[in-house]
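Q: Could you go through this model with me and, for each label that is put on it, set the value against the definition behind that label?

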Amino acid sequence: MQEKNERDSGGRRTQAERRAETRRALLEAARALIVEKGYAETATPEIVKAANVTRGALYHHFADKADLMRALVLLESEAIAADINAETDTSQTPLDAFMAGAQAYFTAMSVPGRARIMLLEGPTVLGLAEMAEIDRQTGGATLLEGLRHAANHGALKDIPLEPLADLLSSAFDRAALAIANGEDRQAYETATRKLLAGILKE
């Protein structure tokens with residue numbers, strides 16, 4: 001089937017531009033509906049209608065609704081990682097770098113709907129193993145890099161880094177979900193700094 005709206009005010013778009021626009025429209029429509037209703041209550045015909053594309057276009061880009069959810073989670077995860085990377089660098093002390101990263105993560109996860117997608121709907125649909133793999137490819141990689149930076153400064157002696165990254169990731173996720181649900185962010189940041197200060201002792 002042909003995708004709808006193949007022309008814009010500037011004339012005929014290229015096939016690659018049409019594909020990219022259709023994919024973006026599907027992801028945006030799916031995101032809005034899943035945030036509003038939840039994944040289970042969102043049907044593919046609703047997504048197609050909201051995106052203003054054909055059903056065939058959806059299945060051209062995604063194998064099924066779960067595949068669409070997978071792409072959405074990856075997109076959100078990449079945005080989170082970019083925000084963290086923008087706020088951290090190797091010139092910072094390990095504790096300052098981690099706190100900057102934690103604060104950037106809490107801010108990124110405060111984007112409306114993101115905590116629900118990443119911490120509630122995503123794990124339910126994709127499973128914990130796949131979510132962990134996506135995390136390792138994106139945000140989790142930034143956390144592990146931070147631990148390696150700390151280890152290079154002598155702040156993490158005789159501590160296995162990957163298990164520690166998993167534990168810290170879980171703690172940050174729990175805090176982010178609480179903050180997204182209206183809990184006191186400052187209190188969580190204070191607790192996070194105390195936790196990290198205890199771990200990152202030289």
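**Labels and the values behind them**

A: A good place to start is helix H10, whose buried residues are Glu189, Thr192 and Leu196, where buried means under 20% relative accessible area, exposed over 50% and partly exposed in between, with a 1.4 Å probe and protein chains only. They cover an arc of only 60 degrees around the axis, the arc being that of the directions from the helix axis to the C-beta atoms, which puts them on the same side of H10. The model is predicted, so local features need pLDDT of at least 70 and side-chain atom pairs count only at pLDDT 80 or more, whereas totals for chains, interfaces and linings use all residues. Residues are numbered from 1 along each chain as its sequence is written, and side-chain values use heavy atoms, with hydrogens and water left out.

Q: What do the buried residues of H10 pack against?
A: They pack against helix H5 (94–109) and helix H9 (161–180), a contact being heavy atoms within 4.5 Å. Helices here are DSSP runs of H or I with at least four residues, strands are runs of E with at least two, and both are numbered from the N terminus.

Q: How do you know that the span of H10 agrees with what is expected at 1.5 Å a residue?
A: The expected span is 1.5 Å times one less than the number of residues, so the 15 residues of H10 (residues 185–199) should span 21 Å, and the end C-alpha atoms are indeed 21 Å apart.

Q: What makes Asp184 a cap of H10?
A: At the N-terminal end of H10, a side-chain oxygen of Asp184 lies 3.0 Å from the backbone nitrogen of Gln186, and a polar contact asks for a pair of N or O atoms within 3.5 Å, one able to donate a hydrogen and the other to accept it.

Q: How many aromatic pairs does the structure hold, and why is the pair of Tyr105 and Phe106 called tilted?
A: The structure holds two aromatic pairs. Rings of Phe, Tyr and Trp (its six-membered ring) pair if their centres lie within 6.5 Å, with planes under 30 degrees apart counted as stacked, over 60 as edge-to-face and the rest as tilted; the centres of Tyr105 and Phe106 are 6.2 Å apart and their planes stand at 50 degrees, so this pair is tilted.

Q: Why is the pair of Phe106 and Phe172 called edge-to-face, and which parts does this pair tie together?
A: Phe106 and Phe172 are 6.4 Å apart centre to centre, with 85 degrees between the planes, and so meet the edge-to-face cut-off. Phe106 lies in helix H5 and Phe172 in helix H9, so the pair ties together parts that are 66 residues apart in sequence.

Q: How do you know whether Phe106 and Phe172 are buried or exposed?
A: Phe106 has a relative accessible area of 1% and is therefore buried, and Phe172, at 9%, also counts as buried.

Q: What makes the phi of Asp158 stand out, and is this residue buried or exposed?
A: Most residues other than glycine have a negative phi. Phi of Asp158 is near 60 degrees, a positive value in a residue other than glycine; Asp158 is placed in the loop between helix H8 (139–152) and H9, and at 80% relative accessibility it counts as exposed.

Q: Where is Asn52, and why is it called partly exposed?
A: Asn52 is in the loop between helix H2 (44–51) and helix H3 (55–61), and its relative accessible area of 38% makes it partly exposed.
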